[in-house]
Structures are given as C-alpha cells and as structure tokens.
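Here's a quick tour of one model, written for someone who likes to click along. Have the viewer open while you read.

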Amino acid sequence: MKKFLKATLILLFSFILFTNLGISAENLSSQEIEDILHMREEEKLARDVYITLYNIHKIPIFYNISNSEQAHMNAVKTLINYYKLKDPVVDDRIGKFTNTKFTELYNTLVERGKKSAVEALKVGIFIEELDIKDLQEAIKRTNKPDIIRVYTNLLKGSQNHMNAFIKVLQRYGETYNPTYTTM
C-alpha cells in the first residue's frame, strides 16, 4: 500500500509538473514567439541539409547529426505545444519550409555542399555556427526558465556538432575559418 501511495504521488506530481497549466502564447513576448518558431525551422534546416548531404557523400557524421537535429526539432516542438503556438513545420518533407528564408538557405547550402566532401563539412560547420549565434541571441531575449533550458541544451548540442564537423574536416587536411565572431 505504501509503494502504491508513493507511486500515485509521483504520478500526480509529474502530471502537475508537466501538464500545460493554462500557459499560452499570451505569456510570451512577440520576440520569444518569433525566436521559438525560428529555432524550430532552423533545426529543421540543419536536419534537412545533413540528410541531403549524407545521401550525396555518404559521410556518416551527416547521418548521425541529422538524428540529433530531429531531437532538437522535437525539443522546440515541446515549447510550441506548451505555449500553444502554431507550428511552422506544416510540411516535414526535406527542403520544405514555411519561412522562405530557410528554403533559400537550404538550396544555397546544398548546392555548396554538393561540390565536395570538404565543402559539405564546411556547410555543416556553418550551420552549427549559425545555430549557436541564434541560440545565444535568443537566450538573451528571454527570462523564461523552460525556454532558456531548452535553448541551452540545444546550444551545447550545436557546439558538440560543430566540434565533430571540425574534427572530420581536419582529417581531410582542411581548416575552417569561423563565419561569426560571437563564439
């Protein structure tokens, strides 16, 4: 009986902790909403580019990191659901985005990455740099602990991804010059 009561209390606490308690987009600034929606599509951009470049070059890092990017997309989707936002990912097919900026960037980065394995790896590093820059900026624009926690975890993931791409690029005898100086 004691174990049952303890398990019931844990379940009840978990339900209260993780249930949407009337939280909605009204609890967010317009900038926070914009950042969440932007990060959802930016994570999709990374996933889509990596899947495409893996299919072209068959370099395992692209496949492995594309799976991580799906997890990043899911993490941002959790925020979208929690705050009752409209998900910008209405078409999950590769290269399809609501924001045309991401469509253009996808096309540009894939074209660049098709040129060679080295260029593909540099594209991967560029995407992670972009992600890091945008996450750092988004963190500065919110005071919501849940959003900061998600962004901080994504930031750590992007830093790890960038370092992994750099290591593989170095195996090709190449170096990478950072695009953004915020790092």
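What follows covers the core, one helix, two loop lysines and an aspartate.

A word on ground rules: this is a predicted model, so local features need pLDDT of at least 70 and side-chain atom pairs count only at pLDDT 80 or more, while totals for chains, interfaces and linings use all residues. Residues are numbered from 1 along each chain as its sequence is written, and side-chain values use heavy atoms, with hydrogens and water left out.

Let's start with the core. The largest nonpolar core (buried Ala, Val, Leu, Ile, Met, Phe, Trp, Tyr and Cys residues joined through side-chain atoms within 4.5 Å) has 45 residues, and Ile36, Val49, Phe62 and Tyr151 have the most contacts inside it. At least two residues of this core come from each of α2, α3, α4, α5 (117-140) and α6 (145-171). The largest share, 12 residues, is supplied by α5. Helix names here follow DSSP runs (H or I, at least four residues; strands would be E, at least two), numbered from the N terminus.

Phe62 is a good one to click on. Beyond its neighbours within four places in sequence, Phe62 is in contact (heavy atoms within 4.5 Å) with Tyr50, Leu53, Tyr54, Ala120, Leu121 and Phe165.

Now for α2. This helix covers residues 30-57, 28 in number, and reaches 40 Å from its first C-alpha to its last, close to the 40 Å expected at 1.5 Å a residue; the expected span is 1.5 Å times one less than the number of residues. Right after α2 comes Lys58, with a positive phi.

Two lysines have positive phi values without being glycine, and here they are side by side:

| Residue | Phi | Loop |
|---|---|---|
| Lys58 | near 60° | between α2 and α3 |
| Lys84 | about 55° | between α3 and α4 |

Lys84 counts as exposed because its relative accessibility is 52%, with the cut-offs being under 20% for buried, over 50% for exposed and partly exposed in between (1.4 Å probe, protein chains only).

Which loop holds Asp87? Asp87 sits between α3 (60-82) and α4 (100-114), and it is buried, with a relative accessible area of 12%. Its side chain makes a polar contact (N or O atoms within 3.5 Å; within protein, one able to donate a hydrogen and the other to accept it, with residues adjacent in sequence counting only if both atoms are side-chain atoms) of 2.9 Å with the side chain of Arg40. Another polar contact, at 3.4 Å, joins the side chains of Asp87 and Lys77. Not counting residues up to four places away in sequence, Asp87 touches Arg40, Lys77 and Ile80.
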